[in-house]
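Let's explore a protein structure together, one question at a time. Keep the 3D view open and turn it as you read.

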Amino acid sequence: QVQLVESGGGLVQPGGSLRLSCAASGIAYGWYVMRWHRQAPGGQRELVASISSDDSPVYEDSAKGRFTIAMDKTKNTLYLQMNRLKPEDTAVYYCNLDGGGMHYWGKGTLVTVSS
């Protein structure tokens, strides 16, 4: 069974950095897209960044220039390096896998940006 487990969230001051990880297991060989989404308190879930199995990243405007998405295929782990964090980045961050005609989600990890 596919399982996605996020980690790396926490409390950080504005301007700080965090690296989120998503450990994936049970994934079959083949094409895929992995994504990071986030949901602010009381808000809607929104896309942050995505990366496909050909290692091509795509960023939303909220993340471009500050965040970096990467996949370590040898470790089956997706990363989101988050730099120059802002209070509006505060959200639960979710890992998503799109593959084999199915979508899979992790439980999320909370990022709080506050002074």
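Q: How many aromatic pairs does this structure have?
A: Keep in mind that this is a predicted model. Two rings of Phe, Tyr or Trp pair if their centres lie within 6.5 Å. By this rule, the count of aromatic pairs is zero.

Q: Over which rings does the charged end of R45 sit?
A: A charge sits over a ring if, among other things, CZ of Arg is within 6 Å of the ring centre. The charged end of R45 is 3.7 Å from the centre of one ring, that of Y94. It is also 4.8 Å from the centre of another ring. The two rings belong to Y94 and W105.

Q: Which residue in β5 stands opposite Q39?
A: Look at how β4 and β5 run: they pair in the antiparallel sense, over seven bridges. Across this pairing, Q39 faces a residue you have just met. That residue is R45.

Q: Which residue in the hairpin of β4 and β5 takes a positive phi near 75°?
A: Five residues lie between the two strands of this hairpin. The one with the positive phi near 75° is G42.

Q: Which residue of β9 is the bridge partner of M34?
A: β4 pairs with β9 as well, in the antiparallel sense and over seven bridges. Find M34, then step across to its bridge partner in β9. You arrive at L97.

Q: Is β4 largely enclosed or largely open?
A: A residue is buried if its relative accessible area is under 20%. Five of the seven residues of β4 are buried, so the rest of the structure leaves this strand largely enclosed.

Q: Which residues have the most contacts inside the largest nonpolar core?
A: In soluble globular proteins, nonpolar side chains tend to be buried together. Here the largest nonpolar core has 26 residues. The elements that give two or more residues to this core are β3, β4, β5, β7, β8, β9 and β11. The residues with the most contacts inside the core are M34, W36, L78, L80 and Y93.

Q: Leaving aside neighbours within four places in sequence, which residues is Y93 in contact with?
A: Contact means heavy atoms within 4.5 Å. With its neighbours within four places set aside, Y93 is in contact with E6, L20, W36, H37, R38, V48, F67, L80, M82, G108, T109 and V111.

Q: Which two residues form a disulfide?
A: A disulfide is a covalent bond between the sulfur atoms of two cysteines. The count here comes to one disulfide. Its sulfur atoms are 2.1 Å apart, and the two cysteines are C22 and C95.

Q: How many residues apart in sequence are the parts that this disulfide ties together?
A: C22 lies in strand β3 and C95 in strand β9, so the pair ties together parts that are 73 residues apart in sequence.

Q: Is the disulfide of C22 and C95 left-handed or right-handed?
A: Both ends are hidden away: C22 is buried at 0% relative accessibility, and C95 is buried at 0% too. The torsion about the S-S bond is about -80°, so the disulfide is left-handed.

Q: Where does D55 lie, given that it has a positive phi although it is not a glycine?
A: The phi of D55 is about 70°. D55 is partly exposed, with a relative accessible area of 43%. Its place is the loop between β5 and β6.

Q: Where does N76 lie?
A: N76 is not a glycine, yet it has a positive phi of about 50°. At 40% relative accessibility, N76 is partly exposed. N76 lies in the loop between β7 and β8.

Definitions and conventions. Residues numbered from 1 in each chain as written. Predicted model: local features only at pLDDT ≥ 70, side-chain atom pairs only at ≥ 80, totals over all residues. Heavy atoms only, no water. Disulfide = S-S within 2.5 Å. Helix = DSSP H or I, 4+ residues; strand = E, 2+ residues; numbered from the N terminus. Buried < 20%, exposed > 50% of the residue type's maximum accessible area, 1.4 Å probe, protein only. Core = buried A, V, L, I, M, F, W, Y, C linked by side-chain atoms within 4.5 Å. Phe/Tyr/Trp six-rings, centres within 6.5 Å; stacked < 30°, edge-to-face > 60°. Lys NZ or Arg CZ within 6 Å of the ring centre and 35° of its normal. Pairing = 2+ DSSP bridges.
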